[in-house]
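Colleague: Could you take me through the largest pocket in this one, lining and contents together? I'd like one connected tour rather than a list.

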Amino acid sequence: MSAFQADSQQLILALSKGRIFEDTLPLLEAAGITVTENPETSRKLILPTNDPNVRVLIVRATDVPTYVQHGAADFGVAGKDVLLEHGGEGLYQPIDLHIAECRMSVAVRNGFDYETAVRQGARLRVATKFVQTAREHFAEKGVHVDLIKLYGSMELAPLVGLSDAIVDVVSTGGTLRANDLKEVEAIMDISSRLIVNQAALKLKRERLQPIIEAFERASNK
Ligand code: ATP
Ligand code: PRP
């Protein structure tokens, strides 16, 4: 264990900038914790709070489970999409926070006849950041796919002939519409979860439990 964590009174929370950080702030407030620096303006990656024993790590959304799994953070907030790709090893997932709600969907270019392609058993090229989820979805449907791993801007792939379809998160549908794409299948609902390092849950239970309970109460409102 690093010196950073040696103090068992210290709690380290991993969050990503943007919607997860913004939507977690009211939950932290409900637990009496105020983050005292803004990650959008600060260059710091370790942010202080009003509680000297609680600090916030700012990491990429996809990296949150990794920090928590390895105990570099005691707890964190991550989307179900990210957790499914990570696998959830070493993580306790006590609550659905009902924040950053969206859905995982299959989308194609307007004009592409997805249903017919599937019915005829065509082999589909699918571009996505979510390869595990996509692989499982198409395997369940018995559809043969060639998965193309991307790290962002999935909507571009069908427009330039890189793929026939994409698997991506959809909320308002605005991004699909703006790029001449249509949603053809909803795979699952997505929201963000509180995740806790399994060892920290045992060793720091007294400190973590009230925060977990406050998050639970606030997220059920
Ligand atoms: P990374 O920085 O690692 O590439 P990202 O850019 O996907 O990740 P965010 O855009 O901050 O990170 O998304 C964080 C989480 O919010 C996602 O994992 C997903 O669960 C959810 N999410 C993504 N897009 C939307 C959306 N348009 N509306 C609501 N929730 C969303
Ligand atoms: C996400 C996702 C989609 C978009 C869907 O992008 O990758 O592109 O939201 O939302 P909509 O259906 O409401 O348009 P985001 O806004 O997070 O941008 P980023 O992936 O570049 O961070």
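Modeller: Start with helix H3 (80-86), since H3 gives the largest share of the lining of the largest pocket, four residues. Keep in mind that this is a predicted model. Helix H1 (19-30), strand S9 and helix H7 join H3 as elements that each supply at least two residues of that lining. By class, the lining of the largest pocket splits into 13 nonpolar, twelve polar and ten charged residues. The space in the largest pocket comes to about 1,000 Å³. There are 35 lining residues, and the ones closest to the pocket centre are Arg19, Asp81, Lys129, Phe130 and Val169.

Now for what sits inside. Ligand 1 takes up space that is the largest pocket, and the space taken by ligand 2 is the largest pocket as well.

Take ligand 1 to begin with. It has 16 residues around it, the closest being Arg19, Arg60, Thr62, Asp81 and Lys129. Three of those names should ring a bell: Arg19, Asp81 and Lys129 also belong to the set closest to the pocket centre. H1 and H3 each put at least two residues into the shell around ligand 1, and that shell holds seven nonpolar, three polar and six charged residues. For the polar contacts, go to Thr62, where a side-chain N or O atom is 2.8 Å from an oxygen atom of ligand 1. Asp81 has a polar side-chain atom at 2.8 Å from an oxygen atom of ligand 1. Ala100 works through its backbone instead: an N or O atom there lies 3.3 Å from a nitrogen atom of ligand 1. On its own, ligand 1 exposes 620 Å², and the protein buries 77% of that.

Over to ligand 2. Around it you'll find Arg19, Glu155 and Asp168, then Val169, Val170, Ser171, Thr172, Gly173, Gly174 and Thr175. Arg19 is thus listed around ligand 2 and among the closest residues to ligand 1. Its side chain has a polar atom 2.8 Å from an oxygen atom of ligand 2. Thr172 also uses its side chain, with a polar atom 2.6 Å from an oxygen atom of ligand 2. With Gly173 the partner is a polar backbone atom, 2.8 Å from an oxygen atom of ligand 2. Taken alone, ligand 2 exposes 500 Å², of which the protein buries 55%.

As for which elements build that shell, strand S9 (165-170) and helix H7 (174-178) are the ones that give two or more residues to it. S9 has the largest share, three residues. The shell around ligand 2 divides into two nonpolar, five polar and three charged residues.

To pull it together, look at the elements once more. H1 and H3 each supply at least two residues of the shell around ligand 1, while S9 and H7 give two or more to the shell around ligand 2. These four elements each supply at least two residues of the lining of the largest pocket.

Terms used. Residues are numbered from 1 along each chain as its sequence is written. Chains are lettered from A and ligands numbered from 1 in the order in which they are written. This is a predicted model: local features need pLDDT of at least 70, side-chain atom pairs count only at pLDDT 80 or more; totals for chains, interfaces and linings use all residues. Side-chain values use heavy atoms; hydrogens and water are left out. A residue is near a molecule or strand if one of its heavy atoms lies within 4 Å of it. A polar contact is a pair of N or O atoms within 3.5 Å; within protein, one must be able to donate a hydrogen and the other to accept it, and residues adjacent in sequence count only if both atoms are side-chain atoms. Accessible areas come from the Shrake-Rupley method with a 1.4 Å probe; for residues, only the protein chains shown count as cover. On a 1 Å grid over the protein atoms alone, a cavity is a set of points where a 1.4 Å probe fits but cannot get out, and a pocket is an open set with protein on both sides within 12 Å along at least five of seven lines; lining residues have an atom within 4 Å of a point. A molecule sits in a cavity or pocket if more than half of its atoms lie within 2 Å of its grid points. Ala, Val, Leu, Ile, Met, Phe, Trp, Tyr, Cys and Pro count as nonpolar, Asp, Glu, Lys and Arg as charged, and the others, Gly among them, as polar. Grid points are joined across faces, edges and corners, and a volume is the space filled by probe spheres set on the points.
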